[in-house]
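Here's a walk through this fold, going from the sheets and what packs on them to a few backbone oddities. Have the viewer open as you read.

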Amino acid sequence: MADKMSLDGLTVLVTRPQHQAQELCAQLENYSADVIVFPVIEINGIAPQKWPNFLLSEYDMLVFVSRNAVDYFIAGLKQPIPEDLLIVSVGEATTKALKNKGVTVDVSPPAPAGSESLLAMPTMNDVADKNVLIVRGETGRELLAETLIARGASISYLEVYQRRLAKPSEGAIVQAKTADCIVITSVAGLDNLCQILDDEDIKGKPLVVISERIKQHAIVLGFQSIYVTDDVKDAAVVQQVIEIGRNNGKKC
């Protein structure tokens with residue numbers, strides 16, 4: 001656990017979608033940080049009547065790649081989940097979302113989670129001739145599907161939500177540019193942030209990211225001070241913000 005210190009005077013820009021930012025913001029505020037909630041991705045569900053026809057009974061494995069995938073899938077589902085269907089989660093937050101919906105998770109990777117960690121698990125290497133349904137948003141990463149296909153699986157997608165570029169007000173944009181550091185949790189979020197703010201000055205500010213993949217993308221974009229969390233948990237994000245606070249003399 002992070003040693004208790006004050007982040008008073010440090011302004012943190014949290015860019016997660018609004019409905020996923022509350023817990024992280026509360027933890028940062030517990031350390032007296034000033035938090036600006038600035039969603040850069042808008043999440044909208046795809047109406048179930050627009051989903052392709054599918055029967056869960058025809059699949060061996062059901063894979064969820066995000067909390068949003070869980071929420072929108074369960075909300076729109078009109079058929080029972082077969083007891084023998086293997087339920088796979090990409091990480092802890094997704095697993096928690098499934099459990100909250102009463103769904104038992106059979107496979108979930110250890111930290112740092114994500115597609116790479118999931119694909120390293122023995123169960124995901126034994127997929128020859130298996131029918132796999134991946135529940136995700138539109139235009140998600142292809143690594144999971146491509147790797148499973150290479151291992152002999154048959155893959156179908158069920159896209160249950162859309163990601164859109166957020167459209168904050170001019171006042172919100174002006175406020176966002178005053179932040180001392182920035183929290184980013186996806187490559188798409190980083191791209192959207194740069195497009196919305198359109199200001200090279202943000203690339204000199206400390207940036208907290210949750211994976212090496214996002215870090216490498218940030219480097220390509222020109223960010224100069226990048227902190228990678230140990231895992232995707234909110235506590236790990238807070239720990240890196242505290243490290244930034246130390247570097248800026250925010251000790252109590």
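## The parallel sheet

In this predicted model, 5 strands form an open sheet with parallel pairing, in the order β2-β1-β8-β9-β10. β2 and β10 (226–228) sit at the edges with a single partner strand each, so one side of each has no neighbour in the sheet. From one strand to the next, the twist averages 25 degrees.

Let's start with β1, residues 11–14. In a regular strand, side chains alternate between the two faces of the sheet. Here T11 and L13 point one way, V12 and V14 point the other way, and all are buried. On one side, β1 pairs in the parallel sense with β2 (residues 34–37) over 4 bridges. To get from β1 to β2 the chain passes through helix α1 (residues 22–30), and this β-α-β crossover is right-handed. Strand β1 also runs parallel to β8 (residues 181–183), joined to it by 3 bridges.

V12 is a handy residue to click on, since it shows up in both pairings. Opposite V12 in β2 stands V35, and its bridge partner in β8 is C181.

Now jump to the β10 edge. Helix α9 (residues 212–221) lies across β9 (207–209) and β10, and runs at about 170 degrees to β10. Which residues does V228 touch, leaving aside its neighbours within four places in sequence? V228, which belongs to strand β10, is in contact with V209, S211, E212, K215 and Q240. Take S211 from that list: S211 and V228 are 17 residues apart along the chain, yet their C-alpha atoms are separated by 6.1 Å.

## The mixed sheet

There's another open sheet of 5 strands, this one with mixed pairing and the order β3-β7-β6-β4-β5. Its edges are β3 (41–45) and β5 (86–89), each with a single partner strand, so again one side of each is left without a neighbour in the sheet. Ignoring direction, neighbouring strands here are turned by 25 degrees against each other on average.

Inside this sheet, β6 and β7 (residues 154–165) run parallel and are joined by 7 bridges. If you want a single pair to look at, G137 has Y161 as its bridge partner in β7. Helix α6 (residues 143–150) packs on the sheet, where it touches β4 (61–64), β6 and β7, and its direction makes about 175 degrees with that of β7. Helix α8 (residues 187–197) packs on the sheet as well, touching β3 and β7, but its direction makes about 25 degrees with that of β7.

Here are the three packed helices side by side:

| Helix | Strands involved | Angle |
|---|---|---|
| α9 (residues 212–221) | β9 and β10 | about 170 degrees to β10 |
| α6 (residues 143–150) | β4, β6 and β7 | about 175 degrees with β7 |
| α8 (residues 187–197) | β3 and β7 | about 25 degrees with β7 |

## Two positive phi values

If you scan the backbone torsions, stop at S32 and D129. S32 isn't a glycine, but its phi is positive, about 70 degrees. You'll find S32 in the loop between α1 and β2, so that's part of the stretch leading to V35's strand. How accessible is S32? Its relative accessibility is 35%, so S32 counts as partly exposed.

D129 is another residue other than glycine with a positive phi, in this case near 65 degrees. Its place is the loop between α5 (122–125) and β6 (131–137). With 72% relative accessibility, D129 counts as exposed, the cut-off for that being over 50%.

## The chain overall

Zooming out, the chain has 10 helices and 10 strands. Its radius of gyration is 19 Å, close to the 18 Å that the globule rule gives for 252 residues, so the chain is as compact as a globular protein of that length. Along its principal axes, the C-alpha trace spans about 55 × 35 × 35 Å.

Of the 252 residues, 47% count as buried. The accessible surface comes to about 12400 Å², and 47% of that belongs to carbon and sulfur atoms. As for contacts, among those between residues at least 6 apart in sequence, 66% join residues at least 24 apart.

Key
Residues numbered from 1 in each chain as written. Predicted model: local features only at pLDDT ≥ 70, side-chain atom pairs only at ≥ 80, totals over all residues. Heavy atoms only, no water. Buried < 20%, exposed > 50% of the residue type's maximum accessible area, 1.4 Å probe, protein only. Pairing = 2+ DSSP bridges. Right-handed = clockwise from strand over helix to strand, strands pointing away. Axes fitted to C-alpha atoms, helices over the stretch in contact; angles between N-to-C directions. Contact = heavy atoms within 4.5 Å. Rg over C-alpha atoms; globule rule 2.2 N^0.38 Å. Areas by Shrake-Rupley, 256 points an atom, 1.4 Å probe, with all protein chains shown as cover.
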